[in-house]
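New to this one? Here is a quick tour of the model, topic by topic.

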Amino acid sequence: MDGLTNQVASYLAAGFGGRTEQDFPHLTCAWGRARVGSTAMANLFGVAGLPSYYQPTKAVMRHVLAADRPGPWAVPLADQAPHIFCKDVAGPYLTAECLYIPLQMLIEAGYPASRLHLVMLDRQPVHALASWLRKWSHRVNRDQLLENFVVATLNAVRVENYARRQGVPVTHYVHEAARQPVLAAAALFHRLGLSDYFTPETVTSWQRMDSLDDSQSRILFPVEPEAYAAPGLHQQTGGIGSYAYQDRDRGAVTDADLDLLRRHGVDEVYARSAAACARDLDLPRGLLREGDAPSAAAVA
């Protein structure tokens, strides 16, 4: 992992060289295990008017793992875009994808820690695992997929600890907060110092599309090795017209799977994430519990 981090940082550095600290935009970097609502969040920030990037660091890492020579991430200058957003997620295919720390790769490439803010993402484990099994069980052995899910979840401790050692501010956000999407998104933008970019229409008035990776999305996608192509990964039944919580059933998740998650502490990681989200964003705790979302009057 040290060698991989060094290689990725060297490619990223090619796009960061020759800049002063003030030349770098303020970057909100969202990280979490895959399938936590990160792509919808990336589109949310794109709709708000920020350049919004889809796993730029992971794309460079995948090229390195495939023995390609990736191009640098072309980050705009701060006078062109004072604030930008990216999401980089853990998993699902390789152990390296579960253990990498994108913030470390960025900082070692020369991105100033003073211009970064980490958003730690999470989602109820049973729903996240159900999504992993739906999307990738035809490509990864089920036992390996479960192992990668656990490793990616537990990597949250390393990711957050690294950020805090570097003095990077950290905010927690769980997908369940989007049961009240306008409330949660407004609180997140306020926490990040981006309230000037936010309006309720940022959440509710998306141009309807079938998939978040189609040409109508506001996300800037990198070029990735062909082996990682996953058509339909971000498709949604009924189309996408707003930022909102998506309720799902447990799908192919078994009781034995849930016991495995409990024994390895995955549930504990989520409980800490939900508590931190409620604290960081000053949200009602009832909003993050399983079951029906509270009424608007209760939230108010």
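Just past the end of helix α7, G167 adopts a positive phi of about 80°. Keep in mind that this is a predicted model, and that residues are counted from 1 along the chain. The bullets below start with α7 and move on from there.

**Helix α7**
- Helix α7 runs over residues 142-165, which makes 24 residues. At 1.5 Å a residue it should span 34 Å, and its end C-alpha atoms sit 35 Å apart, so the two figures agree.
- There is a bend of about 25° in α7, and N155 is where it happens.
- At the N-terminal end, N141 acts as the cap for α7. One of its side-chain oxygens lies 2.9 Å from the backbone nitrogen of D143.

**Helix α6**
- With 12 residues (125-136), α6 reaches 16 Å from its first C-alpha to its last, close to the expected 16 Å.
- Most of α6 is covered, as 10 of its 12 residues are buried.
- Among the buried residues of α6 are P125, H127, W132 and W136.
- A handy thing to know when you look at a helix: an α-helix has 3.6 residues a turn, so residues three or four places apart point the same way.

**Aromatic pairs**
- You can find 14 aromatic pairs in the structure.
- Take Y54 and F221: their ring centres are 4.8 Å apart and their planes meet at 40°, so this pair counts as tilted.
- Y54 belongs to strand β2 (residues 52-54), while F221 is in the loop between β6 (209-211) and β7 (235-240), so the pair ties together parts that are 167 residues apart in sequence.
- The two partners are covered to different degrees: Y54 is buried, at a relative accessible area of 9%, whereas F221 is partly exposed, at 34%.
- W206 and Y243 form another tilted pair, because their planes are at 35°, with ring centres 6.4 Å apart.
- W206 is in the loop between α9 (200-204) and β6, and Y243 is in the loop between β7 and α10 (255-263), so this pair ties together parts that are 37 residues apart in sequence.
- Both W206 and Y243 are buried.
- Ring pairs also join F16, F24, Y53, W73 and Y111 into a cluster.

**Charges over rings**
- F24 has a charged visitor too: the charged end of R19 sits over its ring, 5.4 Å from the centre.
- R179 lies over the face of Y245, and here the distance to the ring centre is 4.8 Å.

**Cysteines**
- How many disulfides does a search of the whole structure find? The count is zero.
- C29 shows why a pair can miss out: its sulfur is 3.7 Å from the closest cysteine sulfur, the one in C86, and that is too far for a bond. The cut-off for a disulfide is 2.5 Å.
- Seen from the other side, C86 is in no disulfide either, and its nearest cysteine sulfur is that of C29.
- Both are buried, with C29 at a relative accessible area of 1% and C86 at 0%.

**Backbone oddities**
- The peptide bond leading from G91 to P92 is cis, and its omega is near 0°. P92 lies in the loop between β3 and α4 (95-99).
- A67 has a positive phi, near 65°, and A67 is not a glycine. Look for A67 in the loop between α3 and β3, where A67 is exposed with a relative accessible area of 70%.
- D282 is not a glycine, but its phi is positive as well, at about 55°. D282 lies in the loop between α11 (266-281) and α12 (296-299).
- Is D282 buried or exposed? D282 is exposed, since its relative accessible area is 69% and the mark to pass is 50%.

**D79 in its loop**
- D79 is found in the loop between α3 (56-65) and β3 (83-90).
- D79 is exposed, with a relative accessible area of 70%.
- From D79 to G32 is 47 residues in sequence and 29 Å in space, C-alpha to C-alpha.

Terms used:
Heavy atoms only, no water. Helix = DSSP H or I, 4+ residues; strand = E, 2+ residues; numbered from the N terminus. Expected span 1.5 Å × (residues − 1). Bend = angle between axes of the 7 residues up to and from the residue. Polar contact = N/O pair within 3.5 Å; in protein donor to acceptor, adjacent residues only side chain to side chain. Buried < 20%, exposed > 50% of the residue type's maximum accessible area, 1.4 Å probe, protein only. Phe/Tyr/Trp six-rings, centres within 6.5 Å; stacked < 30°, edge-to-face > 60°. Lys NZ or Arg CZ within 6 Å of the ring centre and 35° of its normal.
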